[in-house]
Amino acid sequence: MINRDGYTISLWQQHISAFPLSSKHEDKTYDVIIVGGGITGVTTAFLLQEAGFKCLLLEAANLGFGTTGGTTAHLNTLLDVSYETIEKNFGLQASRAIAKASANAIRFIEKMTQEYKIDCGFQTADAYQYAQNEEQDKALVREATAATNAGLDVSRVATLPLPIACSSAIQVKGQAKFSPLPYLYELAKEFENLGGVILENTRVTDIAHNETVDVTAGEHTFSGRKLILATHIPPGINLLHLRCVPYRSYAVAARLSQNDYPQDLYYDMEEPFHYIRSQEVDGQQYLIVGGEDHKTGHHENTNLCFRQLEAWVRKHFPVAEITQRWSSQFYEPVDGLPYIGQLPGEEEDIYVATGFSGNGMIYGTVAALLLRDMLLGVQHELEKILDPNRLKPIAGFSNFISHNADVAKQFVGKLIPAASLPQLADLAPGEGKVITYESEKMAIYKDEAGELHTVSPVCTHMKCDVSWNSGERSWDCPCHGARYNTDGQVLNCPSTMALHALHVAATVK
Ligand SMILES: Cc1cc2nc3c(=O)[nH]c(=O)nc-3n(C[C@H](O)[C@H](O)[C@H](O)COP(=O)(O)OP(=O)(O)OC[C@H]3O[C@@H](n4cnc5c(N)ncnc54)[C@H](O)[C@@H]3O)c2cc1C
């Protein structure tokens, strides 16, 4: 099993072991440095190395540590942001280009699985979106029209091959599903075979743009002619943090009591919607259902989201056993399309790919193909449409990475008697809470042994207060999605610095 940026264990994570790194050279200078070992970073690194660039891939933890290890891996052209919205915000030409690029991304993944004989259970499927009331019927008609205009092969169907009632439904052909981590690993292996270098456990903490782009990661410094931030959201402070809203989505995997797993992809139209599919992993079929999305840090009891999702699954399917529950983070772009290209506020040479909504298997692959073309100087019809600079940079937002959060340190080393913290009395082992002591806030986690882990709740990114995520046992920032473990160590960008430890010496039974 590999690590992921949360406490829960995903189906994919459970069924894979550490990537067998074989990179041999550790030069200091590269053509392109790619930061982030998810589907975006690994696919981009592979394509650029294949195109003749000398590439270095830096990953803060392990390959698949981020959302790629916590995805549900539908490969769909029927996207989370409706084609109606895309057409309204960007025009018909753009919605056609997005539909085409999404289909190309699925074909690219299929081609990779065939060419490299990747054992990732890739299978083509149809997608069904279904309505369950009059209002949804109307929205579905509009979406069917917009998706057809965008070039998707959409048909109306009377019923679903699923034990769920609907009032209307559409079917879209040409979709697929797969296990994301075996796919990721094979691309990473091929990248290394081509001479690419991967370094895991190497978190980038500073970036300086001189004649080259110089990247600091722990004790190392590397230089590249180009830098690609495939970190899901760029680290540091950037305009894109105001243009991408962090969300958490939940998933469960289940074994059914009858061997009748839905083979296609299904989406209802609830708010938030449920997404359903199945996958065979190590010879066992699993039903995988996702949903219960909410803005990061905006839900007090995230365990409740799992319970609600599980109840929904049990209501509709003959569940024998829920085998995994997990959640992960995604970023919703404010205008509906991802931001792929040059990082706003920076000159050339630094690129970013973010704002994928719940379609990052597709958009991560689109990003890799687009960035490869950009670096090769080949025109791509999405370059302008997805340009992160389509939103004009705001003065003062160009300084990214290098910012020192000046958070309160008054509590460091201070002995606080347990009696002064009555709020801790009802804190159960495994729970966390932000409490106030002498008008200062502390984020306190009590571990299973009753030990307290106390940090400042002030996010080191832009100084918002973090919230406790009970499901993932992490401190999550509601502002821009930075996340920290119970000791305050960074789990997710955009933060690059740990929460300040407070070393409160209170003993609470
Ligand atoms: C529950 C859920 C279900 C989803 N289901 C689907 C789906 O069915 N289909 C679909 O297409 N999309 C889906 N998505 C979205 C998709 O999974 C993501 O968009 C995609 O995985 C993002 O990939 P990525 O490579 O860009 O980012 P990530 O996978 O998050 O990878 C980023 C990597 O960068 C590393 N990193 C971060 N900061 C640094 C640093 N400073 N230095 C070095 N490394 C760093 C991280 O450790 C991480 O490994 C889902 C998302 C969620 C939350």
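This passage describes the cysteines and the second largest cavity of a predicted model.

A search of the whole structure identifies one disulfide, in which Cys464 is joined to Cys479 with a sulfur-to-sulfur distance of 2.1 Å. The two partners lie 15 residues apart and link distant parts of the chain, with Cys464 placed in the loop between strand E20 (452-455) and E21, and Cys479 in the loop between strand E22 (474-476) and strand E23 (483-484). The torsion about the S-S bond is -105 degrees, and the link of Cys464 and Cys479 is accordingly left-handed. Cys464 counts as buried, at 16% relative accessibility, whereas Cys479, at 32%, counts as partly exposed.

Two further cysteines were examined for possible partners. For Cys55, the closest cysteine sulfur is that of Cys493, at 20 Å, which is too far for a bond; Cys55 is also buried, with a relative accessible area of 1%. The sulfur of Cys493 has its closest cysteine sulfur in Cys459, and because these atoms are 11 Å apart, they are too far from each other for a bond. Cys493 is likewise classed as buried, at 12% relative accessibility.

The whole structure contains two cavities of 30 Å³ or more, and the second largest has a volume of about 40 Å³. Its lining is formed by Arg248, His294, Gly297, His299, Thr302, Ser467, Trp468, Asn469 and Asp476. Strand E21 (residues 467-469) supplies the largest share of this lining, with three residues. By residue class, the lining of the second largest cavity comprises one nonpolar, six polar and two charged residues.

Notes: Residues are numbered from 1 along each chain as its sequence is written. This is a predicted model: local features need pLDDT of at least 70, side-chain atom pairs count only at pLDDT 80 or more; totals for chains, interfaces and linings use all residues. Side-chain values use heavy atoms; hydrogens and water are left out. On a 1 Å grid over the protein atoms alone, a cavity is a set of points where a 1.4 Å probe fits but cannot get out, and a pocket is an open set with protein on both sides within 12 Å along at least five of seven lines; lining residues have an atom within 4 Å of a point. Grid points are joined across faces, edges and corners, and a volume is the space filled by probe spheres set on the points. Helices (H or I, at least four residues) and strands (E, at least two) are DSSP runs, numbered from the N terminus. Ala, Val, Leu, Ile, Met, Phe, Trp, Tyr, Cys and Pro count as nonpolar, Asp, Glu, Lys and Arg as charged, and the others, Gly among them, as polar. A disulfide is a pair of cysteine sulfur atoms within 2.5 Å. Buried means under 20% relative accessible area, exposed over 50%, partly exposed in between (1.4 Å probe, protein chains only).
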